[in-house]
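Colleague: I would like to look closely at a single part of this model, and I would be glad of a careful explanation.

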Amino acid sequence: MIKIDLVVPIFMEGEIIEDFAQNAVAELGNYDYQIYLCVDKGLDNTEEKISQLCKNNSRITALFFGPRAGHQTAIYAGLEMSRLDALTIMMDGDLQHPTSLIPEIIRSLENGYDICQTVRKSSIDERRYVRWASRLFYRVMSRLSGVDLKDGMTDFRGISPHVKSLIISGMNVEQPFLRAYTQWLSFPTQYIEYEAKPRQKGKSKFTLNRLLKFAVSGIVSFSTIPLSLITIMGFCISFITALLAMLLMILKLMGQVELNGWTSLAVLILMSLGLQLSILGIIGQYLVKIVSQLNRKPLYVTQRILNPIVKRKSI
């Protein structure tokens with residue numbers, strides 16, 4: 001029987017987690033499956049409901065984090081916990097990633113594709129500014145990273161055991177960016193489009209602020225081009241400033257301009273200060289990544305695990 005592992009990051013989904021589990025189990029019933037719910041702490045009753053799900057079904061494993069792990073790290077933790085020789089599907093637990101696509105993703109992996117990536121066509125209740133910001137992010141990220149990131153790509157995908165082993169061994173960084181990494185691998189990939197349904201219960205936790213943090217983390221994790229752009233920008237500004245200074249000196253000597261007042265000087269100083277702060281901010285993001293790696297702080301801390309399984313190495 002085919003082994004299927006389902007890795008699901010969870011954050012405050014108490015209202016809908018039981019519906020999700022029921023739908024997922026219905027789709028996976030004909031397989032040797034295991035569901036890994038990777039749970040970040042929240043203020044609702046998610047942990048209690050998941051604990052009950054684990055009591056009722058030994059095929060549901062729950063990882064409860066201590067400090068908050070975040071969406072991408074939670075997926076990574078689930079991959080590490082999952083069976084090495086199983087086909088693996090990652091998806092969110094809010095039912096906006098339709099569980100009805102699970103059989104199609106499994107068929108794609110069975111047919112020889114290493115990755116089956118879903119692409120969201122549209123979302124009925126998606127806020128306009130989120131849609132606009134998402135499109136802009138994918139375009140900028142594709143240009144900066146050199147990786148083809150399709151507009152609407154999500155973390156709802158299926159991967160082969162080989163791809164899973166590469167992710168586990170190659171993405172041991174704080175806040176990994178799985179969408180770019182799986183695309184960068186360039187393995188045989190099938191794309192499946194779907195239309196996200198409105199949320200039946202609960203509210204989206206993906207605010208504009210989280211989207212911006214996710215975008216910055218993704219760019220810094222997967223591209224050094226911003227540093228190159230900063231260097232080029234610095235040289236250009238220095239060159240233009242030198243030309244402007246020479247021009248003003250020549251005009252002054254020719255008596256065609258009076259260098260009076262502090263307005264222009266103040267504007268130039270403020271513009272220069274703003275640019276320097278922006279540059280330092282970008283460099284700071286890279287330094288944070290470096291310091292985090294040097295500190296060797298664990299990517300995540302598992303507080304407790306319900307229904308753990310013993311992993312066997314793939315043959």
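Colleague: Which residues are exposed on the other side of α1, away from its buried residues?

Modeller: This is a predicted model, in which local features need pLDDT of at least 70 and side-chain atom pairs count only at pLDDT 80 or more, while totals for chains, interfaces and linings use all residues. Residues are numbered from 1 along each chain as its sequence is written, and side-chain values use heavy atoms, without hydrogens and water.

The residues you ask about are Q22 and A26, which are exposed on the other side of α1 (over 50% relative accessible area; buried is under 20%, partly exposed in between, with a 1.4 Å probe and protein chains only). Helix α1, which runs over residues 17-28, has 12 residues and reaches 16 Å from its first C-alpha to its last, close to the 16 Å expected at 1.5 Å a residue (1.5 Å times one less than the number of residues). I17, F20, A21, A24 and L28 are the buried residues of α1, and they lie on the same side of α1 because they cover an arc of only 95° around the axis (taken from the directions from the axis to the C-beta atoms). These buried residues of α1 pack against β1 (3-11), β2 (32-40), α2 (46-56), β3 (60-65) and α4 (102-110), where contact means heavy atoms within 4.5 Å.

One of these partners, α2, has its own buried residues, namely T46, I50, S51, L53 and C54; they cover an arc of only 160° around the axis, so they sit on the same side of α2. The buried residues of α2 pack in turn against α1, and also against β1, β2, β3 and β8 (302-306), whereas the face of α2 turned away from its buried side carries the exposed residues E48, K55 and N56.

Definitions and conventions: Helix = DSSP H or I, 4+ residues; strand = E, 2+ residues; numbered from the N terminus.
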